[in-house]
Amino acid sequence: LVSITLMRYHANYKKTIITSSVDKTLKLVDYETGEVEHLLEPHKATVLCFAVHPTKPRYILSGSMDGT
């Protein structure tokens, strides 16, 4: 006799706004409060773009005028 259990995992992430800027930063802003929760400074020049991983939203990819 085989027993199968179905399990699901769903991460609950807070609603967050992500901004990129000429000040070389990415800011993660709480949607509800407007407070900057995280300030990321991964570049040496203007951050031109970013993308959130489609299935693992804890990962953000960014591109900058510094070539990285």
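This tour moves through the model strand by strand and ends at its largest pocket.

Begin with the whole chain, which is a predicted model. Colour it by secondary structure: five strands and zero helices appear, so that the order from the N terminus reads β-β-β-β-β. Of the 68 residues, 18% count as buried. The accessible surface comes to about 6,000 Å², and carbon and sulfur atoms account for 57% of that area.

Next, select residues 26-30, which form strand S2. Four of its five residues are buried, that is, under 20% relative accessible area; the strand is therefore largely enclosed by the rest of the structure.

Keep S2 in view and add strand S1 (16-20). The two strands pair in the antiparallel sense over five bridges. To see one position in this pairing, select Thr-16, which stands opposite Asp-30 in S2. Five residues lie between the strands of this hairpin, where Lys-24 takes a positive phi near 75°.

Now add strand S3 (36-40). S2 and S3 also run antiparallel, joined by four bridges. Here Leu-26 stands opposite Leu-40. In the hairpin of S2 and S3, again with five residues between the strands, select Gly-34 to find a positive phi near 80°.

Finally, select Tyr-13, Lys-14, Thr-16, Ile-18, Leu-28, Glu-37, His-38, Pro-57, Arg-58 and Ile-60, which line the largest pocket. Strands S1 and S3 each give two or more residues to this lining. The pocket holds about 280 Å³ of space. Which classes of residue make up its lining? There are five nonpolar, two polar and three charged residues.

Technical notes. Residues are numbered from 1 along each chain as its sequence is written. This is a predicted model: local features need pLDDT of at least 70, side-chain atom pairs count only at pLDDT 80 or more; totals for chains, interfaces and linings use all residues. Side-chain values use heavy atoms; hydrogens and water are left out. Buried means under 20% relative accessible area, exposed over 50%, partly exposed in between (1.4 Å probe, protein chains only). Accessible areas come from the Shrake-Rupley method with a 1.4 Å probe; for residues, only the protein chains shown count as cover. On a 1 Å grid over the protein atoms alone, a cavity is a set of points where a 1.4 Å probe fits but cannot get out, and a pocket is an open set with protein on both sides within 12 Å along at least five of seven lines; lining residues have an atom within 4 Å of a point. Grid points are joined across faces, edges and corners, and a volume is the space filled by probe spheres set on the points. Ala, Val, Leu, Ile, Met, Phe, Trp, Tyr, Cys and Pro count as nonpolar, Asp, Glu, Lys and Arg as charged, and the others, Gly among them, as polar. Two strands pair if DSSP finds at least two bridges between them.
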